[in-house]
Structure formats: structure tokens, C-alpha cells
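Here are my notes on this model, point by point. Please read them with the structure open.

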Amino acid sequence: MEQTIDLKQKLSELVQKTGYPIVQHNGQRKYGPPADWTGPPPPKGCEVFVGKLPRQIFEDELVPIFSTAGKIYEMRLMMDFSGSNRGYAFVTYANRNEATVAVNLLNGYEIRPHRNIGVAKSVDNCRLFVGGIPKTKTKEELLEELCKHVSGIVEVILYRYCYDKRLNRGFAFVEFTSHKAAAMARKALIPGCVKLWDREVKVDWAEPEPDIDDEHMKKVKALYVRNFQIRTPPDAIKTLFEKSICKKIERVKKMYDYAFIHFFEREDAELAMTKLQNAEIDGSNIEIKWAKPVDRELYRIQKLSRGNAKFNNSHDISHTLALYKQHLNKKEYEKSTKDEGIGSACAEESQCYSPSVSEHTHTLQSTYTLAPAKLDAMCKKYSWLPPVYNFLKYLDAAGDMWMCTVELPWVGQPLTCTAQRIGPLTTRPCYTVQQAKVEAANMALNSLMMLRMDLIKQSATLTPLQLPPAYTRVVPSIPSSVGAYPLDYINSVYQSHMSLPVSPVWRTL
């Protein structure tokens with residue numbers, strides 16, 4: 001009882017001294033914001049997470065410690081029903097620089113004898129991923145439709161399909177004013193309860209953007225430029241940017257409808273951004289942002305643990321952050337090269353499991369499953385049309401089986417002078433869709449490798465390459481003369497190879 005009275009007196013003295021209000025609500029006690037604060041709250045990136053707090057420490061001790069790093073806008077101390085804190089808190093500073101100082105200054109601070117606290121930048125995610133959007137809708141139409149159901153929207157990021165700018169890519173990122181507003185919108189847009197244009201959409205947290213401190217960003221000399229036409233060559237982009245600054249630039253790396261522009265000097269990049277923002281190139285208005293430098297190895301770890309992270313729960317976020325912390329503590333990032341920046345898409349890896357495959361074979365396939373990602377990256381790098389996959393399902397004595405055909409509709413420079421078509425290439429029967437896709441992609445990669453080795457002998461017209469399989473076929477390849485309805489052919493094959501009756505059911509996904 002005496003401790004409670006003493007704490008109330010200390011908190012009252014703190015309020016009188018600083019002028020900050022203290023209010024307890026919903027399991028947390030808020031200190032702030034200051035009475036003299038004008039304008040909007042501090043932007044994203046100003047909040048730090050404080051962990052490993054002793055349970056009997058409160059604002060009267062915490063505020064003086066964290067005020068040494070800068071002006072506190074708000075402190076939220078998580079409280080238990082017993083009156084003690086729950087071991088962690090959130091502190092929001094007036095600007096991002098002060099939050100960075102707090103992390104560098106107070107992480108590992110010995111707040112009590114042999115009790116060191118942990119301080120790290122808070123993952124203040126304010127962005128949602130919205131999938132299943134009709135591809136004919138515009139950014140303005142999506143914003144209008146979303147505002148009917150949620151509030152607090154700051155920006156809608158809708159990417160256009162690189163081969164047809166009249167269409168979008170079927171998904172968007174929606175930025176909100178705060179993490180709380182984004183969380184409320186995520187609850188409001190529950191699939192099955194809310195429809196956009198009479199269509200169910202998928203809504204979840206977007207991948208948190210990498211947090212780059214302001215001092216590091218001031219040294220960046222690369223621009224991320226998107227919304228190019230697919231036909232716009234890198235040389236034309238380089239010429240355009242060199243003319244805008246009347247100087248040479250280091251290099252241009254273009255992939256599909258976006259590119260990274262590297263400059264020799266930071267001032268040249270700033271000038272190019274000012275002059276060419278929203279400029280029209282080949283009938284398309286480009287958008288320019290600073291490229292965010294990321295560590296290549298950290299980015300690889302994140303993608304391996306979460307894929308593209310469009311539909312994952314909070315446990316996955318915690319797992320990813322733990323991987324980041326473990327990787328940083330080992331200082332492995334010092335051994336790896338720096339990536340150009342965030343902006344490119346990263347293909348997911350499809351893990352395939354077959355009940356008839358041994359553990360040794362599965363270990364050998366750990367790199368083999370990278371085939372779809374490698375094929376997609378190659379097409380993107382050289383601005384070829386993306387691979388087209390078609391799946392066929394049928395029933396046999398072993399259960400459901402899948403076959404996949406892959407086709408590369410447009411393969412050109414630098415592999416061939418004239419645009420060529422490769423495929424369709426057909427896989428063996430597989431146990432899962434994922435396994436069929438992986439094998440199809442691997443066949444396409446082998447075809448590209450053979451084509452590269454045989455460039456001199458190749459004629460102007462490329463015939464589809466059929467490689468000898470590295471496995472024993474369960475079902476022979478389907479002849480091209482069979483057509484789109486190979487039911488009779490499959491029946492005849494199985495009647496000659498199996499004693500059990502077979503009822504094939506084919507469908508294209």
C-alpha cells in the first residue's frame with residue numbers, strides 16, 4: 001500500500017515537472033504527448049522498443065534515462081493487473097535521428113545491478129497487402145472503394161502490368177496513418193465478410209520495409225525508377241539521365257519495367273530526380289525514388305524464411321526478426337556484398353515432397369527446387385516474356401498425379417538475335433503441383449543452356465527442344481498429334497502398362 005502511494009506521488013511530481021499527462025488505458029500507461037506539441041505526430045521510424053525491464057521500474061525512472069537521447073513524444077509502458085509492468089515499453093521520439101541515438105546509446109544499458117535492458121527500432125508496420133483486385137481497376141477507383149470500408153489511408157500503391165499498362169497486377173499496398181489504423185483496417189476487411197466490387201480480397205500485413213537510418217540514406221547514390229515501358233532499352237534510359245545532368249553515370253540495371261540508376265556523385269542523383277520526376281518516356285510517366293540499400297545475405301535469409309511475406313501471421317514476423325538479430329550479432333553481413341536496393345520482385349521457392357523420395361534425394365533437391373525462381377529471374381533480367389505454366393491432373397492406381405507443361409513464348413537478346421519460342425516442354429507424372437512446376441522449370445533451364453551452347457549451329461527459326469529425361473518415365477511423353485484431349489491415349493498407355501483399371505480425369509488449372 002505504501003509503495004502504491006509512493007509511486008502515485010512520484011508520478012504526480014513527474015507530471016508537474018514535465019507537463020506531460022499520464023493516462024492508463026487498456027493495459028498500458030501512456031506518458032505524453034507534450035502539451036506544447038503542434039502538428040501531426042512523429043512519422044514512422046521514431047519509435048523504439050524497450051525490453052527486459054525490471055517489473056518494479058516505472059516512468060519516474062524511465063523518463064529521465066530515455067530523455068538523454070532526445071525529446072520524448074510519448075512513452076507507453078505495458079502494465080499488469082497487479083500494478084507491475086509487463087517487462088517492456090515503447091518510446092516515441094520527436095524525430096528519427098533521436099530514435100537512432102536512443103538505440104545506440106541505451107541498448108544494453110545497465111538499469112539495475114546486473115539488469116541490462118534491450119532497445120531496438122520498433123517494427124511500426126503501417127502497410128497492408130491487398131490481393132485479388134480486378135485487373136481493370138485504377139488507383140483512384142481502389143482508393144474510393146477502400147474508403148467505403150476503412151479510414152486513415154495515406155497512400156495506395158498499385159503496380160501496373162508491365163506488358164499492358166492498362167491493367168494492374170492484381171494486388172496493391174495500402175499505407176495508413178499509423179499501425180493502429182492499419183490493424184483496424186485489417187480486421188475490417190476480413191475475407192468472407194467484406195467484398196470489393198462483389199469480389200473477395202485477401203488482406204494481410206505487407207512485408208515491413210527495411211529501416212535505413214537517415215545518415216546512411218544521405219550517402220545513397222542510386223535511384224530506383226519504375227513504370228518504364230517494357231520495350232524501353234537500358235541504353236535509352238542511360239542516355240536520358242546523362243543528358244539531364246550533362247554528365248556520365250556509372251551504370252543502369254533494367255529489369256522489366258523498373259531500373260536502378262547508379263551515379264558517381266550524390267548531387268548528380270539529386271539533380272536527375274528533380275528534373276526527371278514524372279517525366280514521360282515512350283508514352284509512360286516514370287516514378288523516381290531513392291534506392292534503399294540492403295544487405296544481400298540478410299535479404300536472402302528473409303525471403304527464405306517468409307517467401308514474399310504477403311500472407312503470414314505475427315509468429316512469422318517474430319521469426320524473421322529473430323533471424324535478423326541472429327545474423328547481425330554474428331556480423332556475417334560484413335562478409336557479403338551490398339545489394340542495389342529494394343524494388344525488385346523476389347520469386348518464391350516451391351518446396352516439393354514426394355512420398356517415394358528418400359531423405360538423401362530430398363537433400364539433393366534442396367537446390368533443385370530453386371529452378372522456378374532462377375527461370376523467372378533470368379526472364380526478368382533480359383526482359384523476356386515470363387514463362388507460362390499449364391498443369392494437367394489425372395487419376396491412376398497411385399492416386400492423383402500431375403503433369404506440367406512450360407513454355408517460354410519470347411526469348412531474345414542476349415541469347416538469340418531473333419526472338420524465339422521454347423516449348424512447350426512436358427514433365428513426367430508427379431505427386432504434387434509444386435513438384436511438377438519445379439521439374440518443368442528445370443527442363444526450361446536445361447533447354448536454355450543447350451541453346452546457349454549451340455548458338456552457332458542454330459538456325460533463325462528455333463524448334464522446341466525436347467531433352468532426354470534424367471529419370472525413368474512412368475508415362476511416356478504425349479505426342480503432339482494427340483491434341484488437347486489425350487484421354488484415349490492415356491487409357492491405351494495404362495492398359496498396356498498396368499493391370500489395374502484406370503479412370504483418367506484431366507483438367508487444366
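1. Start with one bridge: Leu223 is partnered by Trp290 of β20. The strands involved are β15, residues 222-226, and β20, which pair in the antiparallel sense over 4 bridges. Keep in mind throughout that this is a predicted model.

2. Now the sheet around that pair. It is open, with 4 strands in the order β16-β17-β15-β20, and the pairing is antiparallel. The edges are taken by β16 (251-255) and β20 (287-290). Each has a single partner strand, so one side of each is left without a neighbour in the sheet. Neighbouring strands are turned by 20 degrees against each other on average, direction ignored.

3. A helix covers this sheet. Helix α7, residues 234-245, lies across β15, β16, β17 (258-262) and β20. Its direction is about 135 degrees to β16.

4. Look next at the loop between β15 and α7, where Thr232 sits. Is Thr232 buried or exposed? Its relative accessibility is 3%, so it counts as buried. Not counting residues up to four places away in sequence, Thr232 touches Ile237, Lys254, Ile281 and Asp282.

5. There is also an open sheet of 6 strands. The order is β1-β2-β4-β5-β3-β8, with antiparallel pairing. Here β1 (22-25) and β8 (118-121) stand at the edges. Each of these two has a single partner strand, so one side of each lacks a neighbour in the sheet. From one strand to the next, the twist averages 20 degrees.

6. At the β1 edge, 4 bridges join β1 to β2 (residues 28-31), and the two strands run antiparallel. One residue pair to check is Ile22 with its bridge partner Tyr31 in β2.

7. Which helices lie across strands of this sheet? Helix α2 (residues 59-66) lies across β2, β3 (47-51), β4 (72-79), β5 (85-93) and β8, at about 145 degrees to β4. Helix α3 (residues 96-106) lies across β3, β5 and β8. The angle of α3 to β8 is about 150 degrees.

8. The largest nonpolar core has 29 residues. Leu53, Phe66 and Tyr93 have the most contacts inside it. At least two residues of this core come from each of α1 (2-18), β3, α2, β4, β5 and α3. Leaving aside neighbours within four places in sequence, Leu53 is in contact with Leu62, Leu77, Asn85, Gly87, Tyr88, Ala89, Ile111, Arg115 and Ile117. Another core, of 25 residues, lies apart from the largest one. Its members include Tyr256, Leu375, Cys404 and Leu451.

9. Aromatic pairs deserve a separate look. The whole structure contains 14 of them. In the pair Phe49 and Tyr88, the ring centres are 5.9 Å apart and the planes stand at 35 degrees, so the pair is tilted. Phe49 belongs to strand β3 and Tyr88 to strand β5, so the pair ties together parts that are 39 residues apart in sequence. Phe49 is partly exposed at 31% relative accessibility. Tyr88 is partly exposed too, with a relative accessible area of 25%.

10. How are the rings of Phe129 and Phe173 arranged? Their centres are 5.7 Å apart and their planes at 65 degrees, so this pair is edge-to-face. Phe129 lies in strand β9 (residues 127-131) and Phe173 in strand β11 (residues 164-176), so parts 44 residues apart in sequence are tied together. Phe129 is buried, with a relative accessible area of 3%. Phe173 counts as buried at 17%. Both belong to a cluster, linked by ring pairs, with Tyr159 and Phe171.

11. Last, the chain as a whole. The secondary structure comes to 14 helices and 23 strands. Of the 509 residues, 42% count as buried. The chain exposes about 28400 Å², and carbon and sulfur atoms supply 54% of that area. Among contacts between residues at least 6 apart in sequence, 65% join residues at least 24 apart.

Notes
Residues numbered from 1 in each chain as written. Predicted model: local features only at pLDDT ≥ 70, side-chain atom pairs only at ≥ 80, totals over all residues. Heavy atoms only, no water. Buried < 20%, exposed > 50% of the residue type's maximum accessible area, 1.4 Å probe, protein only. Contact = heavy atoms within 4.5 Å. Areas by Shrake-Rupley, 256 points an atom, 1.4 Å probe, with all protein chains shown as cover. Pairing = 2+ DSSP bridges. Axes fitted to C-alpha atoms, helices over the stretch in contact; angles between N-to-C directions. Core = buried A, V, L, I, M, F, W, Y, C linked by side-chain atoms within 4.5 Å. Phe/Tyr/Trp six-rings, centres within 6.5 Å; stacked < 30°, edge-to-face > 60°.
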